[in-house]
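Student: I am new to this structure and would like a close look at one part of it. Could you walk me through a single sheet and what lies around it?

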Amino acid sequence: MDDDVLCRRGDRRVRTFRRACDGIALENALISDDREQTVRVQNRVLAGLAPASFERLRPFLQPVALKRRAILQDHHHPIEHIYFIERGVASLLARTQRDGPVEVAMVGRLGLVGVTAVLGIQSSPNRCLMSVPGYALRIAVSDLRRVAHRDPDVQQQLFSYIHALLVQNTQTTLCSARHSVEERLSRWLLLAADRLDDRIIPVTHDMLSVSLGVRRASITTTLAELEQIGGLARQRGGIYLTDPATLERRTCECYQIIASEYGHLNRGLHEHRIRADRSMIRTCLCCV
């Protein structure tokens with residue numbers, strides 16, 4: 001679905017959907033005064049850093065708005081920046097020449113994009129693009145490596161996230177091979193809600209079809225079944241999780257295994273704030 005459809009003034013449901021997203025983003029992220037506008041860091045990898053370690057990274061972090069389908073890393077292209085996702089969801093996609101892309105990992109406020117470069121490798125065969133728009137704190141690979149080399153706390157946080165990502169990759173592989181579309185779709189929606197910290201997920205049926213590697217018709221049918229039992233409500237341009245507990249009962253054990261590993265990144269969090277320019281905030285909210 002085109003982004004301009006979401007902005008169609010005559011659609012009351014879309015206007016309500018947009019206001020909810022915008023309000024949450026502003027309420028949770030921004031504090032304004034006459035001097036500057038600041039953003040509270042939402043990313044769990046960064047929030048888990050001690051204040052002194054975060055201060056070493058702060059000068060290199062640049063807030064950037066990320067539109068839907070923005071490419072954060074591309075097939076075999078040099079990775080120049082690491083993206084600590086603040087809001088939104090990015091999909092890490094694998095492909096072959098014969099097959100279309102399939103999501104192998106989901107990245108949100110619990111993680112970062114550019115793990116390959118963190119490990120010292122210049123490029124990756126996988127593409128990563130935004131499936132749910134938002135914004136991130138971007139840092140040059142060289143700057144992150146330099147700080148991590150000097151600060152064990154930063155290095156350990158990065159390694160903790162990489163471990164959680166590996167668990168997600170392996171569990172997603174098992175899930176795709178063994179579990180039903182209903183179980184996999186419920187897992188995806190629950191993980192997305194965790195990464196957005198929101199029950200509203202602005203994603204289309206086409207995107208879910210690519211993410212799960214199944215036909216669009218199967219996504220539509222399964223969403224209708226989950227809506228019938230009260231787990232979600234379909235909206236134009238998005239899905240509202242009316243009862244996540246119902247989805248948890250319909251999904252497989254994979255969701256809990258993945259969520260448990262990422263739960264370690266939610267411990268010992270600190271409140272860090274960075275300055276953000278107003279144009280970036282406006283651009284970000286227009287992307288939703």
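Tutor: Here is a walk through one small part, with a word on confidence and a second stop at the end.

Keep in mind that this is a predicted model. The mean pLDDT of the protein is 86, with 83% of residues at 70 or more. Confidence varies along the chain, from a mean of 36 in helix α1 (residues 3-6), the lowest, to 98 in strand β7 (residues 112-113), the highest. Over residues 1-35 the pLDDT is below 50, although this stretch still has 62 contacts in the model beyond near neighbours in sequence. Where pLDDT is low, the predicted coordinates should not be read in detail.

Now to the sheet. Three strands form an open sheet in the order β9-β11-β10, and their pairing is antiparallel. β9 (200-201) and β10 (233-235) are the edge strands: each has a single partner strand, so one side of each has no neighbour in the sheet. Strand β11 (residues 238-240) runs antiparallel to β10, and 3 bridges join the two. One residue to look for is R234, whose bridge partner in β11 is I239. Across β10 and β11 lies helix α10 (residues 216-228), which runs at about 130° to β10.

For a second stop, find L129 in strand β8 (residues 127-140). L129 counts as buried because its relative accessibility is 18%, and the cut-off for buried is under 20%. Setting aside neighbours within four places in sequence, L129 contacts several residues, including R69, I71, V89 and L93. L66 is 63 residues from L129 in sequence, yet their C-alpha atoms are 9.4 Å apart in space.

Notes. Residues numbered from 1 in each chain as written. Predicted model: local features only at pLDDT ≥ 70, side-chain atom pairs only at ≥ 80, totals over all residues. Heavy atoms only, no water. Pairing = 2+ DSSP bridges. Helix = DSSP H or I, 4+ residues; strand = E, 2+ residues; numbered from the N terminus. Contact = heavy atoms within 4.5 Å. Axes fitted to C-alpha atoms, helices over the stretch in contact; angles between N-to-C directions. pLDDT = per-residue confidence, 0-100. Buried < 20%, exposed > 50% of the residue type's maximum accessible area, 1.4 Å probe, protein only.
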